[in-house]
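Me: I would like to go through the reasoning behind a few labels, with the value set against the criterion each time.

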Amino acid sequence: MSVSLFYTNAKEFLLCVVGFSLILELSWVLVYDASYFPFLFSGWVDNSRMSRPTTRSKNKRHRPSDDVNVTSQILRKIHATGEVAAEDVNQLYMISKPVCQGCRVNTKDNPNCFCGLIPTQNGSRKSGLWQKTTDIVQALGPDPSTDLRIDDSPAGLTNLGATCYANSILQCLYMNTAFREGLFSVEPEVLKQQPVLDQLARLFALLHASKMAFIDSAPFVKTLELDNGVQQDSHEFLTLLLSLLERCLSHSSVYKAKSVVQDLFRGSVSHVTKCSKCGQDSEASSKMEDFYELELNVKGMKSLDESLDDYLSVEQLDGDNQYYCDSCKTRVDATRSIKLRTLPVVLNFQLKRCIFLPKTTTKKKITSAFCFPEELDMGRRLSEASQQDWIYDLSAVLIHKGAAVNSGHYIAHIKDANTGQWWEFDDEHVSNLGHHPFGESSSSSSAKIPRTDVLPHKASEGGSDPIQNGNHSDVHLPRASESNFTSGVETFSSSDAYMLMYNLRSARSHGDKTRAVRVASSMELDGQGNSSHDEFFLPSHLCEGIKEQNASYLDACRRYKERKETEMLHVTERRQEVRSILSEAPVQTSGPFCWISTDWLRRWADDFTAPVLDNTSIQCSHGKVPVSKAGSMKRLSAEAWTKLLSKYGGGPTLTNEDYCTACLFDGAKTLVSADSYRDRRTLMRELATNVLAGKTVDDGEYYVSKTWLQQWIRRKNLDAPSEADAGPTVSIRCPHDHLLPEQSPGAKRLLVPRNLWDFFCEDALHVKPDDPVGCIPFLSDSDQCPHCSNELSEVACLEDSLRAVKHKQKQNHEKLVTAKNIPLSLGSRYYLVPSSWLMTWKNYVTASGKSSSLSMEPETLDVVIDSLKCEKHSRLLERPPALVYKRGILFQRCSNTDRLTIIPENDWFSFCEEWGCDMDKGISAVFEGNNSEECNVPGSSDNIPITDEHLNAQDEADNGTETKPPVIKTFPEICEVCIGEKESCELMKKLNYCDGEIYVSLVRGKEAPKSILEASDSPFEPDRRASKRTRKGSNGNTVNFKVSGTTSVYQLKMMIWESLGVVKENQILHKGSKIIDQETATLADLNIFPGDRLWVQDSEIHEHRDIADELVDGKMEMDHGEGGFRGTLLTSSIPSQVV
């Protein structure tokens, strides 16, 4: 029973295994060859197309090889049967693939995939129709309306580079209503004759009534001939500008314009010197001097009150500084002081924050806090009592930001006299500060609104914290008995205030003295406004120009707005159109459809303006759709195609019936032919490999190039011949169309069998049918070209004879070839030849192999010797080389800079025979010395046994003894005149070098290593290569610098400071053992040339500081600061009147 049960179970198990195997095989057939079961496959396709693809199958990587294999099978079947089935078309054109949904990119192997043509709902692209809205608007260009002036806000001025100093002063002058009115009242005829007044009036008119938020100050700056790249002092600019305007306004006949500068800004002082003995003032004390601003000390002063006391303080003249009194007729003690005689309407205080440091000969800015009141009583400061109230109100604060003197940034805080509002003018940016000169509240978290109560006097002295506003603060101080501040006057503090402007209060209280100038509105410029008796408008000659500019500007704003709206409306409509048509694009049923080019579809979906519909790229020559374009087109619904065609035109219309059967048959035939060619080429490759390895059984009949055959074997197995398969015998064919000798370069060849040659020839003619010469057959019994053989023999003979000549020259000049030192003797005759010629000759005779053809043949010796003699005197133009004694033997000192080399007499005679020169034409040399030297030196080199120790004696110079070398006498003699002229020209050329490299080593010890000292002392070798990187050694670093002959030592030290971090004052710079300490000298003055090696030590005496301080405070002041406004119209003695 157990056996029968086992048998039954085993039987069922085998049936299950067999059934499972059949199911697997059936499923494989369904996937890879559904044509065997069309009824099953069609139902499977329909079900899969209705279901949505899963994420796993969507992201699974597709293998193109599967589609290629299926396509190849179908094409082979079409070639075999000669029929195209509907299912074949579906598979070849991938029509049956499901509609893709949610893919990240648009796939080429699915004509039903429209994913990725446009971004997601909230997505964007970097360019085209779907880029961000901000990018589309930015592509339209700058929006002019962003520069539209806000109502009741003053306009700013453009900074042209470094013109903030001028902008701040111009804003201070413009905000002064009296000065503005005086300038606007100048006659048009005078403005035409005075360019400065004309441009300033136009600038003020634009500031007054322009619609733009900031005005271009370039015309006025250009008229003054200012350098907009150099920062200048605002105080100096104001002084020179007022002086220039005073001269220009003197041509006006309108009183308030002619004297507006003097009436507003001019006061007078006198310098009083009083004798302490007789009590009389000097004669000069009665003279009054005009002033336009008062310069007050800031160093050591805490407030404006202290600075004024210091300015008007009494100075004692005693001791060596006694005063000579005309009344007493002797030198006596006296007092000297400044007396204020009259005060202007606009009182300017220049705060002297720039001081001179004698030790460093530089200037420094004082950044200590300085207090000044909102109201200032100057009545008690006058030398004589006055019934008038001299109360001044703070109207402007000029601020200099930055720690350096000749750099930084100027801004102005100015009060509007009409509204009482304070404004910050920072070039183009204008900000409202409220009723406080430093803002109602600060950006700092600790800032508070200024308090209005009066603090007790002691509390203010006890150091109570002021209300901070950056570098500014405001403090309420009561009036003390000795103070000029009124009780409860608000006081401000600033560490950057550079100039203070106060306006006389009484000048604003009388309407007959100063009238307010109201800002002209657009209606006033159009002539539609009504003015009252105390208001006036811009002059007509200025108003018309501004009216045109405002109209042009507003029109530009309107046109930009319309263009923006039109563009955004077009983008919105295009996006809606693209989304709408793409939603209708997939073919949901098996009904009719149209093919459309994927490239055109992409451009249509991406471009702002859609192109004309173009399907020509997916058409074949028969006007149909070839299967080769299946990956370049999409299957579009008939409804979507109709909409695109009706709107954009073009075409042609390619439906589902327009597949090209002719191209299918051609492709099938090409595929079968490619399979046959590939198999045949594989067999030929095996045969060619055997030929190359020498393993062929049959004897070869045709010659082919060995190099060509090697390359042919290495190429991949292709489906058809390529361009490289042409010309198997080109490289072994001579110009006479015969077989080249095998000894010729590149003429190596091999014999191949006839069938292999036929294959080669067939491919070559297939690729280049019009070039039969490239496949000329050369049989195994072909003779070599006689002409080429003769030429090759002649060349070989010439090469053999040339090698023999070179070998003989090497034997004749063995020591010169081996570069061995030749011992010299007194009294013997030697000859001098150019070292460059000798080096060329050596390279020529020692070259071998391939390098022999590249070596240059030396010039004829006759020409070379003539070049060593001057034309005027026929004397020697070069100095002979130096000599040195080594262990009692005389040698030429080895140096790469020697232009001449000493050779023995027999070598000279051989050179004359070999290289064509008259023996008597040579430059001979004889060595003569004193008697003691002659006793120590042998008379001839023949009786001295020369050993290797003697020949290498120069390498042991430090251990040997050196004797003073003998004198060299040359025939002809040296021409000192011509050599001097030549050396002078070479030195001048050497001194005028530019962009040369020198090397500086940082030595951290007390003494420099011997290697650095020798490198620093040795002359420059131009042919020696040097690394351009910073090299670190045990003693320090070495860096290279790009310099010129005009580079100063100071500039070089600044480079060292920047690269090696050694402060300029701590640098001890050396060239060899010589110290370089002249900072104003140039490198050419100190004979420092390209390639020289210097070394520097750090004394560590001075503390390290930032190099920026030196660059700003030091040399920038030297380069620019002293120049000031020289070369501009402000300092020109020529009047600015137009001739």
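What follows is a set of questions and replies on one helix, its aromatic contacts and the nonpolar cores.

Me: Before the details, what kind of model is this, and how many helices and strands does the chain have?

Reply: The model is predicted, and its chain comes to 36 helices and 41 strands. Of its 1139 residues, 42% count as buried.

Me: How do you know that the span of helix α24 agrees with what its number of residues should give?

Reply: Helix α24 runs over residues 754-767, which makes 14 residues, and at 1.5 Å a residue, with one less than the number of residues entering the product, the expected span is 20 Å. The C-alpha atoms at its ends are 20 Å apart, so the two values agree.

Me: What makes Phe 759 and Trp 712 count as buried?

Reply: The label applies under 20% relative accessible area; Phe 759 has 0% and Trp 712 has 1%, so both are buried by this cut-off. In α24 the buried residues also include Leu 756, Trp 757, Phe 760 and Val 767, and what covers the buried residues of this helix includes α22 (661-693), β28 (702-705), α23 (706-714) and β29 (749-752).

Me: Why is the pair of Trp 712 and Phe 759 called edge-to-face?

Reply: The count comes to 26 aromatic pairs. For Trp 712 and Phe 759 the ring centres are 6.3 Å apart, which is within the 6.5 Å limit for a pair, and the planes stand at 75°, which is over 60 degrees, so the pair is edge-to-face. Because Trp 712 lies in helix α23 and Phe 759 in helix α24, the pair ties together parts that are 47 residues apart in sequence. Ring pairs link these two residues with Tyr 677, Trp 708 and Phe 760 into a cluster.

Me: What makes Arg 749 a charge over the ring of Tyr 703?

Reply: The charged end of Arg 749 sits over that ring at 5.3 Å from its centre, and this is within the 6 Å that the criterion allows. Arg 635 likewise lies over the face of Phe 593, at 4.3 Å from the ring centre.

Me: Which residues have the most contacts inside the largest nonpolar core, and which helix gives the most to it?

Reply: The largest nonpolar core has 66 residues, and Leu 173, Phe 179, Phe 204 and Leu 1130 are among those with the most contacts inside it. Helix α10 (residues 195-209) gives the most to this core, with 10 residues. Apart from it lies another core, of 35 residues, including Leu 343 and Phe 349.

Key. Residues are numbered from 1 along each chain as its sequence is written. This is a predicted model: local features need pLDDT of at least 70, side-chain atom pairs count only at pLDDT 80 or more; totals for chains, interfaces and linings use all residues. Side-chain values use heavy atoms; hydrogens and water are left out. Helices (H or I, at least four residues) and strands (E, at least two) are DSSP runs, numbered from the N terminus. Buried means under 20% relative accessible area, exposed over 50%, partly exposed in between (1.4 Å probe, protein chains only). Contact means heavy atoms within 4.5 Å. Rings of Phe, Tyr and Trp (its six-membered ring) pair if their centres lie within 6.5 Å; planes under 30 degrees apart count as stacked, over 60 as edge-to-face and the rest as tilted. A charge sits over a ring if NZ of Lys or CZ of Arg is within 6 Å of the ring centre and within 35 degrees of the ring normal. A nonpolar core is a set of buried Ala, Val, Leu, Ile, Met, Phe, Trp, Tyr and Cys residues joined through side-chain atoms within 4.5 Å.
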